[in-house]
Amino acid sequence: MEIKSRVPGKIVRFEKQVGESVEVKDVLIVMEAMKMKQLVPSPVAGVVKEYKVQPGDRVSAGQVIAVVE
């Protein structure tokens with residue numbers, strides 16, 4: 001499943017690494033948007049397959065930022 005950014009912002013860090021198992025609502029990415037930290041949770045249980053961004057990248061709303069299968 002592709003996970004998209006809900007808001008424009010900047011990627012701060014990854015909370016889970018590629019290959020790690022995640023459960024529903026586990027935080028994958030911490031973003032900064034509107035001078036606040038925004039947590040990006042996993043909507044599904046599975047394994048983090050890849051991140052489409054890197055820490056420091058700016059993203060737009062609706063941009064694919066991670067893939068969980």
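Two strands count as paired here if DSSP finds at least two bridges between them. With that in hand, let's look at this predicted model.

**The sheet**

Take β6 (residues 46-51) and β8 (residues 64-68): they run antiparallel, and three bridges join them. β3 also pairs with β6 in the antiparallel sense, this time over two bridges. Put into the wider picture, these strands belong to an open sheet of four strands, in the order β1-β8-β6-β3, with antiparallel pairing. At the edges sit β1 (2-4) and β3 (21-22), each of which pairs on one side only. As a general reminder, strands of a sheet pair through backbone hydrogen bonds, either parallel or antiparallel.

If you want to find the pairings in the viewer, here are some residues that stand opposite each other:

| Residue | Opposite residue | Strand of the opposite residue |
|---|---|---|
| valine 22 | glycine 46 | β6 |
| valine 48 | valine 68 | β8 |
| glutamate 50 | valine 67 | β8 |

**The core**

Now for the nonpolar side of things. The largest nonpolar core has 15 residues, and Ile11, Leu28, Ile29 and Tyr51 touch the most other members. At least two residues of this core come from each of β2 (9-14), β4 (27-33), β6 and β8.

What is isoleucine 11 in contact with, leaving aside its neighbours within four places in sequence? One group of contacts is Ile29, Val30 and Met31. The others are Val53, Gln54, Pro55, Gly56, Asp57 and Val59. So much for isoleucine 11, which is also among the core residues that touch the most other members.

Technical notes: Residues numbered from 1 in each chain as written. Predicted model: local features only at pLDDT ≥ 70, side-chain atom pairs only at ≥ 80, totals over all residues. Heavy atoms only, no water. Core = buried A, V, L, I, M, F, W, Y, C linked by side-chain atoms within 4.5 Å. Buried < 20%, exposed > 50% of the residue type's maximum accessible area, 1.4 Å probe, protein only. Contact = heavy atoms within 4.5 Å.
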